[in-house]
Amino acid sequence: RGMEGTVLSSRWAPRLQGLLLMLLGVATISPDSAVIRFLAVYRGVSQWGLVTWKNIFAAVFQVMYVAWEAGSAKAILHGIRAGPWHVAVGVLMQAGNSITFNLSLVHTSSGTALLMYSLNPLWSAVLGYFLLGDTVPRQTLAALVVSLLAVGIVCFPLILAREENGHVDISWLGMALALSGGFFLSGLITVSRHASFHSPTCNMPAALALGSLCGGLGSLLLAQGKVLPGPAGFSGPTWQFWLPLVGGGLGEGIFFVVISIVPALITGAEVGMIALLEVILGPLLVFFAFGEIPSTWTFVGGSILLLTLALHELSSLIGAAGSSDATELEANKPSNQKGTDNPTDENDSNTSVGNASSTEASGDLPV
């Protein structure tokens with residue numbers, strides 16, 4: 001079964017790499033909820049002050065990654081020129097995502113915003129099908145539906161609880177902004193996949209850095225320049241303002257760099273589906289940081305989501321093993337047919353050996 005192991009590892013290795021990178025990205029962006037909670041609730045920082053610095057620090061770290069990967073400014077420009085339209089669309093998608101999602105948090109509740117935003121795996125599957133020709137396997141489609149239901153289990157009770165307490169802050173504008181943010185993220189995933197197929201040397205991380213920078217500058221304008229600790233409403237030691245923002249910017253920068261890489265290894269629907277883990281990990285990190293116990297529905301929905309992702313990857317692994325079995329079977333068929341369908345060759349060989357032996361017995365050495 002050596003061939004099976006080789007085929008299975010060759011097919012599974014890029015996918016495993018993509019899954020691990022995506023999990024790393026989700027792990028770095030998940031503390032974002034705790035950072036926002038600390039600065040906005042416990043230190044009084046304005047929403048736009050948070051968004052401005054998060055995007056600026058994310059852009060700084062993304063520029064550092066781009067410079068490290070390319071090695072020179074000439075190589076960066078070459079990567080941008082290799083796919084100018086991909087870079088332009090990527091900048092638009094990144095800037096749109098960073099602005100619209102944060103605007104949705106201003107106009108509606110966080111539960112409603114997360115619920116609308118979490119539909120991005122569906123948009124990724126649709127865009128991948130029509131623009132890239134992706135075929136969504138049945139198990140992926142089923143896992144996508146169950147994952148969205150799990151996120152609904154987490155978010156719907158939060159929305160209903162706010163309505164019962166008289167906090168009816170669900171607006172069509174906020175829902176539309178959250179939906180737009182999810183669509184922008186799906187567009188970013190799709191254009192990254194398209195670039196990996198048609199312009200492999202295109203520098204998509206550079207597009208993300210430019211997009212984050214544009215999002216930060218746009219937020220700075222909306223904040224009317226009130227983003228420093230004092231004007232932004234911060235109260236407390238100055239280091240408690242800058243350190244969380246630097247950490248949040250680093251997490252956001254890593255997450256979107258990962259988003260520009262993994263679409264070449266796994267499908268857009270799978271990227272979005274794994275990103276849903278942030279909805280579960282965020283409240284858990286808030287609990288560990290501030291002791292705010294998540295609701296029972298968070299644990300129920302999170303358990304369903306984790307089980308769904310595990311079963312989906314198990315089914316994919318079993319499918320890859322089945323494909324390797326079929327490949328091994330096909331590879332063995334020609335050798336078996338050669339041994340059974342060509343008996344004349346074996347007879348001819350035996351005849352030749354017999355003739356050579358008779359020749360040597362008669363004393364005539366063959367030339």
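Reader: How do helix 2 and helix 11 pack, and at what angle?

Author: In this predicted model, helix 2 (residues 32-42) packs against helix 11 (residues 239-261) at an angle of about 155 degrees, and their axes lie 10 Å apart.

Reader: Why are helix 2 and helix 11 called roughly antiparallel?

Author: Angles over 145 degrees count as roughly antiparallel. The angle here is about 155 degrees, and the pair is therefore roughly antiparallel. Helix 2 passes helix 11 in a left-handed crossing.

Reader: Which residues make the contact, and what makes up its classes?

Author: Helix 2 contributes Val35, Phe38 and Leu39, while helix 11 contributes Gln240, Phe241, Pro244 and Leu245. By class, six of these residues are nonpolar, one is polar and none is charged.

Reader: Why is helix 9 described as oblique to helix 11?

Author: The axes of helix 9 (residues 172-198) and helix 11 come within 7 Å and cross at roughly 45 degrees. Angles under 35 degrees count as roughly parallel, and 65 to 115 as roughly perpendicular. The crossing of roughly 45 degrees belongs to neither class, so helix 9 is oblique to helix 11. Leu185, Leu188, Ile189 and Ser192 of helix 9 meet Phe256, Ile259 and Ser260 of helix 11. This contact has five nonpolar residues, two polar and no charged.

Reader: How do you know that the span of helix 3 agrees with its number of residues?

Author: At 1.5 Å a residue, the 24 residues of helix 3 (residues 47-70) should span 34 Å, and the end C-alpha atoms are 34 Å apart, so the two agree. Just after helix 3, Gly71 takes a positive phi of about 95 degrees.

Definitions and conventions
Residues are numbered from 1 along each chain as its sequence is written. This is a predicted model: local features need pLDDT of at least 70, side-chain atom pairs count only at pLDDT 80 or more; totals for chains, interfaces and linings use all residues. Side-chain values use heavy atoms; hydrogens and water are left out. Helices (H or I, at least four residues) and strands (E, at least two) are DSSP runs, numbered from the N terminus. The expected span of a helix is 1.5 Å times one less than its number of residues. Axes are lines fitted to C-alpha atoms, for helices over the stretch in contact, and angles run from 0 to 180 degrees between N-to-C directions. A crossing is left-handed if the near helix is turned anticlockwise from the far one by less than a right angle, and right-handed if clockwise. Contact means heavy atoms within 4.5 Å. Ala, Val, Leu, Ile, Met, Phe, Trp, Tyr, Cys and Pro count as nonpolar, Asp, Glu, Lys and Arg as charged, and the others, Gly among them, as polar.
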